Amino acid sequence: ASMRAVVQRVSNARVDIDGATAGSIGRGLLILLGVGHDDSEEQAERLWSKIARLRIFEDAEGKTNLSLADVGGEVLVVSQFTLFANCRRGNRLYEWFVERARRDVPRVETGRFGAYMDVSLTNDGPFTLWLDTDAL
């Protein structure tokens, strides 16, 4: 089993559900999170730790060597249907991942697990990473 995430560096992102904005952020990361049946909190922790340490934001010289915390970045976590089949355990781990992120990041916004969502973003770069806990 592995948890998967598509991580996009954004200058802004938001998720709308039924025409109303459920969550929005400025500069930071949009995380499309895929959770499988056998995933565990240990994998969620590993995945979050990796994301939190990523040095993908630019410093004053334009070099990408700053982390989310270094730039005071915000996070939008969206559950990703197509990465894995949906399950109740998935919902619990999704919530756990969000709470874990909130320990490190002042602003963590979310969509709604299992809802049909419109996600709009400005991908800054563009810069997109695919992370899989099997490969961390």
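**Notes on the predicted model**

1. Let's start with a loop. Aspartate 18 sits in the loop between β1 and β2 (20-25). This is a predicted model, so treat the backbone oddity here as a computed one: aspartate 18 has a positive phi of about 50° even though it is not a glycine. Is this residue buried or exposed? With a relative accessible area of 75%, aspartate 18 is exposed, because the cut-off for that label is over 50%.

2. Next, the main core. The largest nonpolar core has 26 residues, and the members that touch the most others are Ile31, Leu33, Trp48, Ile51 and Phe97. Who supplies it? At least two residues each come from β1 (4-17), β3 (28-34), α1 (41-53), β6 (74-79) and α2 (88-104). The largest share, 5 residues, belongs to α2. There is also a second, separate core of 12 residues, with Val10, Ile17, Leu76 and Ala115 among them.

3. Isoleucine 31 deserves a closer look if you are browsing the main core. Which residues does isoleucine 31 contact once neighbours within four places in sequence are set aside? The list is Ala5, Val6, Trp48, Ile51, Val75, Leu76, Val77, Val78 and Phe97. Of these, Trp48, Ile51 and Phe97 are also named among the members that touch the most others in the core.

4. Now the helix pair. The axes of α1 and α2 come within 10 Å and cross at roughly 40°, so the two helices count as oblique to each other. The crossing of α1 past α2 is right-handed. On the α1 side, the residues in the contact are Glu41, Ala44, Glu45, Leu47, Trp48, Ile51 and Ala52. They meet Arg92, Leu93, Trp96, Phe97, Arg100, Ala101 and Asp104 in α2. Trp48, Ile51 and Phe97 turn up in this contact as well as in the core list above.

5. Two glycines in loops are worth checking on screen. Glycine 73 lies in the loop between β5 (64-66) and β6, and at 4% relative accessibility it is buried, since the limit is under 20%. Its C-alpha is 8.9 Å from that of isoleucine 25, though the two are 48 residues apart along the chain. Leaving out residues up to four places away in sequence, glycine 73 touches Arg27, Gly28, Leu68 and Val105.

6. The other glycine is number 111, in the loop between β7 (108-110) and β8. Glycine 111 is buried too, with a relative accessible area of 13%. Beyond neighbours within four places in sequence, glycine 111 is in contact with Val15, Ile17, Leu76, Val77, Tyr94 and Met117. Ile17 and Leu76 from that list are also in the second core. For a long-range reference, glycine 111 and leucine 66 are 45 residues apart in sequence and 26 Å apart in space, C-alpha to C-alpha.

7. Last stop, strand β8. Where is the cis peptide bond? It joins glycine 125 and proline 126, with omega at about -5°, and proline 126 is in strand β8. Aspartate 132 is in that strand as well, which spans residues 118-132. Aspartate 132 counts as buried at 15% relative accessibility. Its side chain makes a polar contact with the side chain of arginine 4, at 3.2 Å. Outside the residues up to four places away in sequence, aspartate 132 touches Ser2, Met3 and Arg4.

Conventions: Residues are numbered from 1 along each chain as its sequence is written. This is a predicted model: local features need pLDDT of at least 70, side-chain atom pairs count only at pLDDT 80 or more; totals for chains, interfaces and linings use all residues. Side-chain values use heavy atoms; hydrogens and water are left out. A nonpolar core is a set of buried Ala, Val, Leu, Ile, Met, Phe, Trp, Tyr and Cys residues joined through side-chain atoms within 4.5 Å. Buried means under 20% relative accessible area, exposed over 50%, partly exposed in between (1.4 Å probe, protein chains only). Helices (H or I, at least four residues) and strands (E, at least two) are DSSP runs, numbered from the N terminus. Contact means heavy atoms within 4.5 Å. A polar contact is a pair of N or O atoms within 3.5 Å; within protein, one must be able to donate a hydrogen and the other to accept it, and residues adjacent in sequence count only if both atoms are side-chain atoms. Axes are lines fitted to C-alpha atoms, for helices over the stretch in contact, and angles run from 0 to 180 degrees between N-to-C directions. Angles under 35 degrees count as roughly parallel, over 145 as roughly antiparallel, 65 to 115 as roughly perpendicular and the rest as oblique. A crossing is left-handed if the near helix is turned anticlockwise from the far one by less than a right angle, and right-handed if clockwise.
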